Amino acid sequence: MKIQEMENLLKRKVDTFLIEWKNNPDRKPLIVKGARQIGKTLSIEQEQSMKIS
């Protein structure tokens, strides 16, 4: 998926959580649980690509 396409994705509540988790210096390992095919991996990959860009 291209960066331009990812910018058009809906903002999820988990996106805000991931940003807060990443900025917390006392963060613990991240375990993401949830139903199948709801965008868990995509949210994490999107956060990583935003960091790189």
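What share of the 53 residues in the protein is buried? Buried residues account for 15% of them. The structure discussed here is a predicted model.

## Overall architecture

The protein contains three helices and zero strands. Read from the N terminus, its elements follow the order α-α-α. Helix α1 covers residues 3–7, helix α2 spans 13–23 and helix α3 spans 40–52.

Among contacts in the protein with a separation of 6 or more, 60% are between residues 24 or more positions apart. The accessible surface of the protein amounts to about 4900 Å². Carbon and sulfur atoms contribute 55% of that surface.

## Confidence of the prediction

The average pLDDT of the protein is 78, and 74% of the residues score at least 70. Confidence varies among the elements: helix α2 has the highest mean pLDDT, at 86, whereas helix α1 has the lowest, at 58.

## A buried polar pair between α2 and α3

Asp-15 lies in helix α2, and Ser-43 lies in helix α3. The side chains of these two residues are joined by a polar contact of 3.4 Å.

Are Asp-15 and Ser-43 buried or exposed? Asp-15 counts as buried because its relative accessibility is 7%, below the 20% limit for that class. Ser-43 is likewise buried, because its relative accessible area is 2%.

Leaving aside residues up to four places away in sequence, Ser-43 touches Arg-12, Val-14, Asp-15 and Leu-18. Asp-15 is thus both a contact of Ser-43 and its partner in the polar contact.

## A nonpolar surface patch

Which residues make the nonpolar surface patch of about 350 Å²? The patch is made by Val-14, Phe-17, Leu-30, Val-32 and Ile-44. One of these residues, Leu-30, is placed in the loop between α2 and α3. Leu-30 counts as partly exposed because its relative accessibility is 30%, a value between the limits of 20% and 50%.

Another member of the patch, Ile-44, belongs to helix α3. Ile-44 is also partly exposed, because its relative accessibility is 32%. When residues up to four places away in sequence are not counted, Ile-44 touches Leu-18 and Val-32. Of these two, Val-32 is a member of the patch.

Ile-44 can also be compared with Val-14, a further residue of the patch. Ile-44 and Val-14 are 30 residues apart in sequence, and their C-alpha atoms are 9.1 Å apart in space. Val-14 also appears among the residues that Ser-43 touches, and Leu-18 is touched by both Ser-43 and Ile-44.

## Backbone geometry at Gln-37

Gln-37 is found in the loop between α2 and α3. Its phi is positive, at about 55°, although Gln-37 is not a glycine. Most residues other than glycine have a negative phi.

Is Gln-37 buried or exposed? Gln-37 is exposed, because its relative accessible area is 76%, over the 50% limit for that class. The loop between α2 and α3 therefore holds both the exposed Gln-37 and the partly exposed Leu-30.

Technical notes
Residues numbered from 1 in each chain as written. Predicted model: local features only at pLDDT ≥ 70, side-chain atom pairs only at ≥ 80, totals over all residues. Heavy atoms only, no water. Helix = DSSP H or I, 4+ residues; strand = E, 2+ residues; numbered from the N terminus. Buried < 20%, exposed > 50% of the residue type's maximum accessible area, 1.4 Å probe, protein only. Contact = heavy atoms within 4.5 Å. Areas by Shrake-Rupley, 256 points an atom, 1.4 Å probe, with all protein chains shown as cover. Patch = residues over 30% accessible without salt bridge, like charges linked within 9 Å, V, L, I, M, F, W, Y side chains within 5 Å. Salt bridge = Lys/Arg side-chain N within 4 Å of Asp/Glu carboxyl O. Polar contact = N/O pair within 3.5 Å; in protein donor to acceptor, adjacent residues only side chain to side chain. pLDDT = per-residue confidence, 0-100.
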